[in-house]
Amino acid sequence: MMFLLKKLKQPYLIAYLIAGILLGPYALKLFTRPEEIEMVGEIGILLLMFFVGMEINIPNKKSLIIKPLLAQGIKILLSLLFAYFIGRFLGLDYKSIVLIAMLFTFNSTAVVVEFLKKHGTIHTAFGIVILNILLLQDLLLAPALTVLKFWNGEDFSLLNLIFPLAICLAIFFIFRKIRHFREIRFSSSFLENDHDLQVFSGLFICLGFGLLAEVMGMSAALGSFMAGVLVGKMKVFHWLEHSLLPFKIFFVSLFFVSIGLRMDIPYLLSNYRLIILGTLVVLISNSIMSAIFFRALNFKWKDSLYGGALLSQTGEFGILALSIAYKTNIVEYELYKAGLGITCLSLLFSTLWINLGTTFKGHKKNSIKDKA
C-alpha cells in the first residue's frame, strides 16, 4: 500500500488505515480485537508529540498564545451551535448533542502535525497557532471525560476540572521561564557511549511524562509534549531524535492501523448513505468553522481555508469519547457505530481533503513567510 500511495503522491496515513481495514475482523480476519493494537499504537502518539516538543520553539509573541485561546473558544461555541441544530433535526437528547459537539471540537493531532511537517509550516507563526490549538484540545480532554463520567453516575468533583488547569498554568510559567534559555545544562557522561541506555532512557522520559500527565487528569499526549520541550533544551539529549525515530514511525503506523481495524464494514455498507453524508457534513462544517475563526484572527482567506482543511477531521479523542459514552450507556449502539464510522472515514478522507485545500491555496513549502 505504501509503494502504491508513494506513486500516487498520497500520504502514508491512508496506507495505514486501509491496511487496518484489510487486516481486520471483516476482511482477512487476522486481527479480531482492535483494542489490543490500539493500546500499543497509542505509544506512537506519545512519541509523535515528544518529537514535536523537541523541534518546536516556545513562542515569545503574545499573539501566538492568545490567538489559539480565541480560536478554540470560537470553535467550541460554533460546535455547540452546529450540534444543537443537528440534534434538533434528528430528535436527539441533550447528551447526544453534547457528544456530537465534542466530536467537532477535537481534531487529530497526528494527522495535522504530519501535514504541517510535510508542507514545511510547523515552524511558522501560522503553524504554531495551529499546534497550540491542538495542545489546548488535549487540555480540554480532562473536563470532557469528567462530564461523561458524571453522566454515568460517578461522583462529580470540581477538583477534577480545576487541578489539570492549575497544573497547565504552572507549566505555562515554567515554559515562560525557560523560553529564553538556549540550553539547559545537564551532565550525563555515562549516556554518551551506551546506545542501549540511550534508547530506553529516551522512552522512559517520553512515556513517563505521559503517564504523569494522565494521572493528573490531563492527556498523556500533552505530557509527552512537555517532556519534548524540556529535553529539546538539553544538549546532552540531542541524540534522542535519531535513536527514537524508528520507534515513532512504527508505533504511529500501528495507531492508524488500529483505527482501520475498528471500522465495521457490514454496518458501513448497510448504512453507507448516512455514513458518507455524515462524513461530508463533518469535513465541510469543520472546515467552514475553522476557516471562520482563522479569518476572525486576521489571517488571509487563503491561509484560513488551508487551516480549515487541516482541522476538518474528528480525531482520536473523539473515538475515545464515543467509546466511553457507549460503554456507560450514554448513547445507543446505532449512534455509537455511526459516530465511529464517520470518525474513521473523516480521518481517511481528510488526507485527500487537505491535499485539495493545499491545491486550492496553491500552498508550497514555506509559503507562509513569517517565521515564529
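Me: In this predicted model, a helix is a DSSP run of H or I with at least four residues. Where does that place Thr 105?

Reply: Thr 105 belongs to helix α5, which covers residues 94–105, and that run satisfies the requirement of at least four residues.

Me: Why is Thr 105 called buried or exposed?

Reply: The relative accessible area of Thr 105 is 9%, and because the word buried is kept for values under 20%, Thr 105 counts as buried.

Me: What makes the approach of the Thr 105 side chain to the backbone oxygen of Ala 101 a polar contact?

Reply: A polar atom of the Thr 105 side chain lies 2.7 Å from the backbone oxygen of Ala 101, and the cut-off for a pair of N or O atoms is within 3.5 Å, so the distance falls inside the limit.

Me: Which residues does Thr 105 touch outside its own stretch of sequence?

Reply: With neighbours within four places in sequence left aside, Thr 105 is in contact with Gln 72, Lys 75, Ile 76, Ser 79, Gln 137 and Leu 140. Leu 140 is placed in helix α7, residues 125–151, and in turn Leu 140 touches Gln 72, Ile 76, Thr 105 and Phe 106, again not counting residues up to four places away.

Me: What is Leu 140 called, given its relative accessible area?

Reply: Leu 140 has a relative accessible area of 28%, and since buried requires under 20% and exposed requires over 50%, Leu 140 is described as partly exposed. Leu 140 and Met 102 are 38 residues apart in sequence, while their C-alpha atoms are 9.8 Å apart in space.

Me: Ser 96 also has its place in helix α5; how do you know whether Ser 96 is buried or exposed?

Reply: The relative accessibility of Ser 96 is 6%, and because that value is under the 20% limit, Ser 96 counts as buried. The side chains of Ser 96 and Asp 93 are joined by a polar contact of 2.8 Å, and, apart from neighbours within four places in sequence, Ser 96 is in contact with Val 331 and Leu 335.

Me: Why is helix α6 described as largely enclosed by the rest of the structure?

Reply: Helix α6 runs over residues 109–118, and 7 of its 10 residues are buried, so the description follows from that count. The buried residues are Thr 109, Ala 110, Val 111, Val 112, Val 113, Phe 115 and Leu 116. Just after α6, Gly 120 adopts a positive phi of about 70 degrees.

Me: Which other residues, not glycines, have a positive phi, and why are they called exposed?

Reply: Lys 29 has a phi near 60 degrees and lies in the loop between α2 and α3, whereas Asn 298 has a positive phi of about 70 degrees and lies in the loop between α13 and α14. Exposed means over 50%, so Lys 29 counts as exposed at 56%, and so does Asn 298 at 69%.

Me: How do you know how the length of helix α9 compares with the expected span?

Reply: Helix α9, residues 195–215, has 21 residues, and the distance from its first C-alpha to its last is 30 Å, close to the 30 Å expected at 1.5 Å a residue. The buried residues of α9, among them Val 199, Leu 203, Ile 205 and Cys 206, pack against α3, α10 and α11.

Me: What makes a space in this structure a cavity, and how many are there of 30 Å³ or more?

Reply: A space is called a cavity because a 1.4 Å probe fits there but cannot get out, and the structure holds 1 cavity of 30 Å³ or more. The largest cavity contains about 50 Å³ of space. The lining of the largest cavity is formed by Arg 262, Met 263, Asp 264, Tyr 267, Leu 268, Lys 337, Leu 340 and Gly 341, and α16 supplies the largest share, 3 residues.

Me: How is the lining of the largest cavity divided by class?

Reply: The lining has 4 nonpolar, 1 polar and 3 charged residues; Gly is placed among the polar residues and Tyr among the nonpolar ones, so Gly 341 is assigned to the polar class and Tyr 267 to the nonpolar class.

Conventions: Residues are numbered from 1 along each chain as its sequence is written. This is a predicted model: local features need pLDDT of at least 70, side-chain atom pairs count only at pLDDT 80 or more; totals for chains, interfaces and linings use all residues. Side-chain values use heavy atoms; hydrogens and water are left out. Helices (H or I, at least four residues) and strands (E, at least two) are DSSP runs, numbered from the N terminus. Buried means under 20% relative accessible area, exposed over 50%, partly exposed in between (1.4 Å probe, protein chains only). A polar contact is a pair of N or O atoms within 3.5 Å; within protein, one must be able to donate a hydrogen and the other to accept it, and residues adjacent in sequence count only if both atoms are side-chain atoms. Contact means heavy atoms within 4.5 Å. The expected span of a helix is 1.5 Å times one less than its number of residues. On a 1 Å grid over the protein atoms alone, a cavity is a set of points where a 1.4 Å probe fits but cannot get out, and a pocket is an open set with protein on both sides within 12 Å along at least five of seven lines; lining residues have an atom within 4 Å of a point. Grid points are joined across faces, edges and corners, and a volume is the space filled by probe spheres set on the points.
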